[in-house]
Structures are given as structure tokens and as C-alpha cells.
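I set out to record what the helices, the core and the aromatic residues look like in this entry. My notes follow in the order in which I looked things up.

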Amino acid sequence: MKVLLIEDDLKLAEHLVRNLREQALMVEHVADMNSLQAQIDANARYDLVILDRLIGQKDTKQDLPRLRAKWPDAPVLVLSAISTPQERSDVLNLGADDYLGKPFS
């Protein structure tokens, strides 16, 4: 299974990559929107997308429809420090398959 991790917190990303690889998953990590766009343009295939809700100052929830269109069969998990019921609802309505509030263990 190939995972695309979009996370700008490098310490968290390192931890997630290590743990996902321990589960025998192939992980590609991008830390900014330019790198994400490069992955979209490269026609890479992913089985799961893990998307941080905020990348730098960029609100990534606006990108959910584009990610769903690019990888329609890949579930999208959103990670976010914004952990309100309205936020969860908004993100799920925009196309995320699941939502995990930060911090998590």
C-alpha cells in the first residue's frame, strides 16, 4: 500500500513515516503545497492520503475536492488541531473519509 503524507510539522511527519513503514507501508512525504502539486502533476498513484489541515498558512480543506478527483479510490484522512464538531463536519462534507484531531496517540 502506498501512502501520501502531507504534513509540514517535520517532527510529526518523521514519527508518522517511521510508524507507517513499520507496518510495511510505502510512504511518500511532502511538507509544502508546491511539493504536493508536483505529486499531483507527476501522476503518482496512492492508496491512502493523509492530509494536514493547515500547511504553513494554507488552508488545505479547499484542496480536498481536487485530491478526491486525482485519487478517487484513495481514502483521505485529515489531521487537524482544529477539533470542533463543525470543523469535522465541514471537512467530511468536502470529501475527507475520516478526521483525526491533534494531538493524538
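**Entry 1: helix α2.** I began with the buried residues of α2, which are M33, L36, Q39 and I40. Around the axis they cover an arc of only 115°, which puts them on the same side of α2. I note here that the model is predicted. On the face turned away from that buried side I found the exposed residues N34 and D41. I then asked what covers the buried residues of α2. The cover includes the strands β1, β2, β4 (54-55) and β5 (58-59), together with the helix α3.

I next inspected the ends of α2. The N-terminal end is capped by D32, with a side-chain oxygen 3.1 Å from the backbone nitrogen of N34. After the helix comes N43, and its phi is positive, near 60°.

**Entry 2: helix α1.** I turned to α1, which runs over residues 10-22 and has 13 residues. From first C-alpha to last I read a reach of 18 Å, close to the 18 Å expected at 1.5 Å a residue. Its buried residues are L12, A13, L16, V17 and L20. Seen down the axis of α1, these fall within an arc of 130°, so they line one face of the helix. The face turned away from the buried side carries K11, E14 and E22, which are exposed.

I looked up the cover of this helix as well. Among the elements over the buried residues of α1 are β1 (2-6), β2 (26-30), β3 (48-52) and β6 (76-80). At the N-terminal end I found D9 as the cap, a side-chain oxygen lying 3.1 Å from the backbone nitrogen of K11. A24 follows α1 and has a positive phi, near 65°.

**Entry 3: the cores.** Which residues have the most contacts inside the largest nonpolar core? In this core of 20 residues they are I6, L36, W71 and V78. Two or more residues are given to it by each of β1, α2 (33-41), β3, α3 (64-70) and β6. The most comes from α2, with three residues. I recorded a second, separate core of 12 residues, which includes V3, A13, L48 and I50.

For I6 I listed the contacts, leaving aside neighbours within four places in sequence. I6 is in contact with V30, L36, V49, I50, L51, D52 and I55.

**Entry 4: the aromatic pair.** How many aromatic pairs are there? I counted one. The ring centres of Y46 and W71 are 5.3 Å apart and the planes stand at 80°, so the pair is edge-to-face. The two residues are 25 residues apart and link distant parts of the chain. Y46 sits in the loop between α2 and β3, whereas W71 sits in the loop between α3 and β6. I checked their accessibility, and both Y46 and W71 are buried.

**Entry 5: V27.** I closed with V27, which is found in strand β2. Is V27 buried or exposed? Its relative accessibility is 10%, and the cut-off for buried is under 20%, so V27 counts as buried. Not counting residues up to four places away in sequence, V27 touches V3, L5, V17, L20 and R21. Of these, V17 and L20 also appear in my list of buried residues of α1. I noted finally that the C-alpha atoms of V27 and M1 are separated by 8.6 Å, with their positions 26 residues apart along the chain counted as the separation.

Notes. Residues numbered from 1 in each chain as written. Predicted model: local features only at pLDDT ≥ 70, side-chain atom pairs only at ≥ 80, totals over all residues. Heavy atoms only, no water. Helix = DSSP H or I, 4+ residues; strand = E, 2+ residues; numbered from the N terminus. Expected span 1.5 Å × (residues − 1). Buried < 20%, exposed > 50% of the residue type's maximum accessible area, 1.4 Å probe, protein only. Arc of directions from axis to C-beta. Contact = heavy atoms within 4.5 Å. Polar contact = N/O pair within 3.5 Å; in protein donor to acceptor, adjacent residues only side chain to side chain. Core = buried A, V, L, I, M, F, W, Y, C linked by side-chain atoms within 4.5 Å. Phe/Tyr/Trp six-rings, centres within 6.5 Å; stacked < 30°, edge-to-face > 60°.
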